Amino acid sequence: MSKQRCLWCQGNELYEKYHDLEWGEPEYNDQKLFEILSLEVFQAGLSWITVLKKRDNFRKAFDDFNPVMVAQYDSKRVLALLNDSGIIRHKAKIEATIHNAQVFVRLQQEFGSFSKYIWSFVNHVPKNNNPQTSKEVPSSTKLSADICKHLKAKGFKFLGATTVYSFMQAAGLVNDHLVNCFKHQQS
């Protein structure tokens, strides 16, 4: 008997694995949070499966999303990334990721960790939305718009309320697993 999952991932092995092991799991590790945020930036305007298929290539190209290392990338590195067919070669997204790494490192210094900063928006407890159907899962919320506003004020680029909400879902700040999904019961 197969597991009951959220509709968006059913029928694709890569999606199902991502759903079962990562999506919606509370993440507190700064490097992983930087990876999730960066990949959400690259996903903007594309399907998540496109990014997911290239994730290992992204990790290799961006030094495992070590924000300190990415923050030091120069124009030569940008050119190398633009020539890397294993990733999404979008100059503005690449440059935003490097810039965001610099902001990310500053926030780590200011707050002790990015995790402390970002989780403070939900009082360090995941918000459980209890959606019954996929139609009840929003693409953005007032909270994601507020967080986006804060992140942009701190200097982040290439973010909108929808991208931030996708980040919140992926990093487990919100639980949007459908109530009949086996992952919802585990949260």
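How do the residues of the lining of the second largest pocket divide into nonpolar, polar and charged? They divide into three nonpolar, no polar and seven charged. This is a predicted model, in which local features need pLDDT of at least 70, side-chain atom pairs count only at pLDDT 80 or more, and totals for chains, interfaces and linings use all residues. Residues are numbered from 1 along each chain as its sequence is written, and side-chain values use heavy atoms, with hydrogens and water left out.

**Largest pocket**

- The largest pocket has a volume of about 390 Å³.
- Of its 20 lining residues, Trp 8, Trp 23, Trp 48, Ser 166 and Gln 169 are the closest to the centre.
- A pocket is an open set of points on a 1 Å grid over the protein atoms alone, where a 1.4 Å probe fits, with protein on both sides within 12 Å along at least five of seven lines; lining residues have an atom within 4 Å of a point.
- A volume is the space filled by probe spheres set on the points, which are joined across faces, edges and corners.
- Helix H1 (13-21), helix H2 (30-43) and helix H9 (161-170) each supply at least two residues of this lining.
- H9 provides the largest share, five residues.
- Helices are DSSP runs (H or I, at least four residues), numbered from the N terminus.
- By class, the lining of the largest pocket has 12 nonpolar, six polar and two charged residues.
- Ala, Val, Leu, Ile, Met, Phe, Trp, Tyr, Cys and Pro count as nonpolar, Asp, Glu, Lys and Arg as charged, and the others, Gly among them, as polar.

**Second largest pocket**

- The second largest pocket has a volume of about 160 Å³.
- Its lining consists of Glu 13, Leu 14, Lys 17, Tyr 18, Glu 22, Leu 52, Lys 53, Arg 55, Asp 56 and Arg 59.
- Two or more of these residues come from each of H1 and helix H3 (48-61).
- H3 gives the most, with five residues.

**Aromatic rings**

- The structure holds 17 aromatic pairs (rings of Phe, Tyr and Trp, the last by its six-membered ring, with centres within 6.5 Å).
- Phe 62 and Phe 65 are stacked (planes under 30 degrees apart), because their ring centres are 5.5 Å apart and their planes are at 10 degrees.
- Both Phe 62 and Phe 65 are buried (under 20% relative accessible area, 1.4 Å probe, protein chains only).
- Ring pairs link a cluster of Phe 34, Phe 42, Phe 58, Phe 62, Phe 65, Tyr 73, Phe 104, Phe 111, Phe 114, Tyr 117, Phe 121 and Phe 156.
- The charged end of Arg 77 sits over the ring of Tyr 73, 4.1 Å from its centre.
- For Arg, a charge sits over a ring if CZ is within 6 Å of the ring centre and within 35 degrees of the ring normal.

**Loop residues**

- Most residues other than glycine have a negative phi.
- Asp 64 has a positive phi, near 60 degrees, and is found in the loop between H3 and H4.
- Asp 64 counts as partly exposed (between 20% and 50%), because its relative accessibility is 44%.
- Phe 65 lies in the loop between H3 and H4, and its phi is positive, near 60 degrees.
- The relative accessibility of Phe 65 is 0%, so Phe 65 counts as buried.
- Gln 72 is found in the loop between helix H4 (67-70) and helix H5 (75-82).
- Gln 72 is exposed (over 50%), with a relative accessible area of 60%.
- The C-alpha atoms of Gln 72 and His 99 are separated by 9.3 Å, and these residues are 27 residues apart along the chain.

Methods. Phe/Tyr/Trp six-rings, centres within 6.5 Å; stacked < 30°, edge-to-face > 60°.
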